[in-house]
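Student: Could you take me closely through the aromatic pairs of this model, and through the parts of the chain that they join?

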Amino acid sequence: WNAQALNTDPSNFVWEADKTVVMAMASGLYRIELGFYCARQPVLQVLVDGQVVLTVINTPHSAGQLPGAGAARTQPRAQTVGGGGGSGDYEVDGGPSPGNISGATCVDFLSLPARAKVAVTFHG
């Protein structure tokens, strides 16, 4: 990362330009929100101290499986694997767009130890 838009607690969230991690100094329960949009279906991973703790995969499925959805339409669905207690599946308002943009979003919670180094990887 090479830009920081907002840091609500610089003494707790230690960030340095051009580093790949943000360090959370205090242990505790943290809410994490991710949103990535690109030309291909993204795969996101959250790492804590170098270990993958959350994976968000945007996979297509039949919208007919959703309540009230038409069977002929297909929508992408983001699914978490190994999350920190979120609901497990996240709906993505999707389908082909004029710019062929596909996205994945996630809201989840992580219980972090003190001085945890948090990183996000993106493939897509």
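Tutor: Tyr30 has a relative accessibility of 15% and therefore counts as buried, the cut-off being under 20%. In this predicted model, two aromatic pairs are counted, and one of them is formed by Phe13 and Tyr30, whose rings meet edge-to-face with 5.8 Å from centre to centre and 70° between the planes. Because Phe13 lies in strand β1 (residues 13–15) and Tyr30 in strand β3 (residues 28–38), this pair ties together parts that are 17 residues apart in sequence. Phe13, unlike its buried partner Tyr30, counts as partly exposed, at 26% relative accessibility.

Phe36 and Phe122 also form an aromatic pair, and here the rings are stacked, with 5.1 Å centre to centre and 15° between the planes. Phe36 lies in strand β3 and Phe122 in strand β9 (residues 116–123), so that this pair ties together parts 86 residues apart in sequence. Phe36 counts as partly exposed at 25% relative accessibility, and Phe122 is likewise partly exposed, with a relative accessible area of 35%.

As for the setting of these pairs, the chain holds nine strands and zero helices, and 31% of its 124 residues count as buried. Among the contacts in the chain with a separation of 6 or more, 55% are accounted for by residues 24 or more positions apart. A search of the whole structure finds one salt bridge, which Arg31 forms with Glu33, their closest N and O atoms lying 2.8 Å apart; both Arg31 and Glu33 are exposed.

Conventions. Residues numbered from 1 in each chain as written. Predicted model: local features only at pLDDT ≥ 70, side-chain atom pairs only at ≥ 80, totals over all residues. Heavy atoms only, no water. Helix = DSSP H or I, 4+ residues; strand = E, 2+ residues; numbered from the N terminus. Buried < 20%, exposed > 50% of the residue type's maximum accessible area, 1.4 Å probe, protein only. Contact = heavy atoms within 4.5 Å. Salt bridge = Lys/Arg side-chain N within 4 Å of Asp/Glu carboxyl O. Phe/Tyr/Trp six-rings, centres within 6.5 Å; stacked < 30°, edge-to-face > 60°.
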